[in-house]
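Here is a short tour for someone meeting this structure for the first time. Keep the sequence and the 3D view at hand while reading.

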Amino acid sequence: MKPCLKPFPLRVRTSLVAGALCVVGACTQIPAPPPPQAYPTPQPSPSPAPAPAPASPSLPAPPPSTQAPSATSPSATFKPEEIEALVAPIALYPDSVLSQVLMASTYPLEVVYASRWVKANPNVKGDAAIKAVENQTWDVSVKSLVAFPQVLEPMADKLEWTQKLGDAFLAQQKDVLDAVQRLRAKAQQSGNLKTTEQQKVIIEQSPAATAGQPQQTIVKIEPANPQVIYVPTYDPVVVYGAWGYPAYPPYYWPPYPAYYGYYPGAAFASGIAWGIGFAAAGAIFGNCNWGGGDVNIDINRATNIDRNFDRSKVQGGGRWQHDAGHRQGVAYRDNATREKFNRGNVAGAQGRSDFRGRDAAGAADRGAGNRAGAGARAGGDHAFQGVGGGGSAQREINRGHSSAGRSFSGGGRGGGRRR
C-alpha cells in the first residue's frame with residue numbers, strides 16, 4: 001500500500017502546477033489584445049483615414065441635382081409669385097396684344113431683329129409697318145409687334161426678361177394666364193382698372209370646370225375702338241396695390257418718352273397712363289383663351305400679316321403652337337421643353353449669321369464705319385450690338401440674369417434701380 005501513496009500526491013502537485021500555469025497563462029493572455037489600446041491608434045495614425053474616405057466624395061453629390069434640375073424637379077417649375085412678377089408689366093395690356101406678346105416672347109432673338117427694324121424705320125407705323133415687314137422671315141407674332149413699338153422696344157432692351165417670360169409661357173401656359181387674371185383682379189379692386197376712352201373692361205363668369213366648384217371671374221380688356229389700339233404703361237406697385245412677394249418684386253421700366261411723353265412720378269398716382277394710339281387693326285390675329293388656359297389665333301388674319309404663314313402649325317380649334325424653327329438657336333430652359341421643341345430647331349446657324357448683322361432688314365440703315373453688309377444699329381440698341389445667335393446670344397442672356405433685379409426689376413416704390 002505504501003508504494004501507491006507516493007504517486008498520488010505527485011499527481012496532485014502536477015495538477016496544481018498545471019492549473020496554476022493555466023491561470024497565469026490566462027492572466028497573461030487577457031491584456032495582450034486589450035480593446036482600449038485599439039481605439040487610440042486610428043487617431044494619431046493616418047493609415048486608418050481611408051475608412052471614412054468614401055463618405056466625403058458623396059457629400060457634393062446632391063448639388064448637381066439642384067444646379068441642373070430634371071424635367072420633373074420642382075425647381076424646373078416657375079412659382080406662381082414668380083410668374084406674377086414676370087407678367088406684372090403686361091397683364092393690363094389688351095387681350096389681343098397680350099397674347100401676341102406672350103407668343104413673341106418665345107422667339108427672343110427675332111424680337112431683337114424686329115426692334116432694330118423699327119429703329120431703322122421710325123416713320124413707318126401701325127398697319128403700314130405690318131405691310132412693310134411682310135417679307136421678313138420672323139414669326140408672325142414678332143411681325144405683328146412692329147405696329148406697337150412701345151411694346152417691342154422694351155422687349156428687345158430687356159432681353160433677359162423676354163426670354164424668361166417666354167420660358168414660363170412655353171412650360172406653363174395656363175399658369176401664366178391665371179397669374180394675369182389674379183393681377184387684373186387686384187388692379188380692379190384697387191380702382192385702377194376700369195373702362196376708359198382707350199379700353200373696355202369686361203367682367204364675365206366662366207362656367208365651372210367641374211360640378212360643385214365655383215365659377216371663375218374673368219376680366220377681359222379690349223380696345224374701345226378696334227381700329228385704334230392703345231397700350232397702357234403703369235407702375236405695378238401702384239396699380240396693383242401693395243405687392244405681397246418681397247422675394248419676387250415685379251418687373252418694371254419707366255415709359256419710353258417717344259411713345260408716352262414725359263410723365264413725372266405723380267402721373268402714376270391714378271394708376272394707368274396712356275400714350276399714343278396706333279391704327280393697327282391689321283396687326284391683330286391672336287386672343288387669350290381664358291377658359292382653356294392657352295392662346296388662340298385667327299388663321300386668316302395671321303396669313304394677312306405673314307403671307308408664308310404655315311397653317312399646319314396651328315392646332316385644333318386655332319390653338320397656337322410654338323415653332324422651334326424661329327427659336328434661332330436660343331436654348332430652352334428645361335429638359336421637358338427642350339425635348340418637346342428642340343427637334344425642329346434647325347435654323348440656329350442661319351439665325352447666328354443674321355443676328356451678327358447680315359440680315360437684309362437693317363441694310364438700309366448702315367452707319368458710317370459699319371462694314372459692308374452690316375445690319376442696322378440704331379443709337380439706343382448698343383446693349384445688343386454684336387450679340388450673336390445661338391451660343392453667344394445665350395451667354396449674353398445668361399450674363400443679364402445676375403443683374404436683372406438691379407437693372408430693371410423693382411420691388412416696391414424705389415425698390416431697385418430703374419432705367
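## Helix H11 and its surroundings

Start with helix H11 (149-157). Its buried residues pack against four helices and a strand by name: helix H7 (95-104), helix H8 (108-120), helix H12 (159-171), helix H15 (257-260) and strand S6 (278-279). This is a predicted model.

How many of the nine residues of H11 are buried? Eight are, so the helix is largely enclosed by the rest of the structure. The buried residues are Pro 149, Gln 150, Val 151, Leu 152, Glu 153, Pro 154, Met 155 and Ala 156.

## The chain as a whole

Step back to the full chain. It has 19 helices and eight strands. Of its 419 residues, 45% count as buried.

Contacts often reach across the sequence. Take those between residues at least 6 apart in sequence: 70% of them join residues at least 24 apart.

## Cavities

The structure holds two cavities of 30 Å³ or more. The largest cavity contains about 140 Å³ of space. It is lined by 15 residues, and Pro 89, Tyr 93, Pro 232, Thr 233 and Trp 253 are the closest to its centre. Helix H11 returns here: H11 and strand S4 (233-234) are the elements that give two or more residues to this lining.

What classes of residue make up the lining of the largest cavity? There are 13 nonpolar residues and two polar ones. No charged residue takes part.

## A buried pair: Lys 143 and Asp 306

Now look at two charged residues. Lys 143 is found in helix H10 (residues 140-144). Asp 306 is in the loop between helix H16 (299-305) and helix H17 (335-341). Their side chains make a polar contact of 3.2 Å.

Are these residues buried or exposed? Lys 143 has 0% relative accessibility, so it counts as buried. Asp 306 has 9% and therefore also counts as buried, because the cut-off for buried is under 20%.

Next come their contacts, leaving out residues up to four places away in sequence. Asp 306 touches Glu 134, Trp 138, Val 140 and Lys 143. Lys 143 touches Ile 130, Val 133, Glu 134, Asn 135, Gln 136, Trp 138, Ile 305 and Asp 306. Glu 134 and Trp 138 appear in both lists.

## The S7-S8 hairpin

Strand S7 (residues 286-289) and strand S8 (residues 294-297) pair in the antiparallel sense. Four bridges join them. One bridge links Asn 287 to Asn 296 in S8.

The two strands form a hairpin, with four residues between them. In the turn, Gly 293 has a positive phi of about 75 degrees.

## Arg 319 beside the hairpin

Arg 319 lies in the loop between H16 and H17, as does Asp 306. Arg 319 has 36% relative accessibility, so it counts as partly exposed.

Which residues is Arg 319 in contact with, leaving aside its neighbours within four places in sequence? They are Asp 294, Val 295, Asn 296 and Val 314. Asn 296 is also the bridge partner of Asn 287. Arg 319 and Asn 287 are 32 residues apart in sequence, and their C-alpha atoms are 9.9 Å apart in space.

Arg 319 has a polar partner too. Its side chain and that of Gln 315 are joined by a polar contact of 2.8 Å.

How values were computed:
Residues are numbered from 1 along each chain as its sequence is written. This is a predicted model: local features need pLDDT of at least 70, side-chain atom pairs count only at pLDDT 80 or more; totals for chains, interfaces and linings use all residues. Side-chain values use heavy atoms; hydrogens and water are left out. Buried means under 20% relative accessible area, exposed over 50%, partly exposed in between (1.4 Å probe, protein chains only). A polar contact is a pair of N or O atoms within 3.5 Å; within protein, one must be able to donate a hydrogen and the other to accept it, and residues adjacent in sequence count only if both atoms are side-chain atoms. Contact means heavy atoms within 4.5 Å. On a 1 Å grid over the protein atoms alone, a cavity is a set of points where a 1.4 Å probe fits but cannot get out, and a pocket is an open set with protein on both sides within 12 Å along at least five of seven lines; lining residues have an atom within 4 Å of a point. Grid points are joined across faces, edges and corners, and a volume is the space filled by probe spheres set on the points. Ala, Val, Leu, Ile, Met, Phe, Trp, Tyr, Cys and Pro count as nonpolar, Asp, Glu, Lys and Arg as charged, and the others, Gly among them, as polar. Two strands pair if DSSP finds at least two bridges between them.
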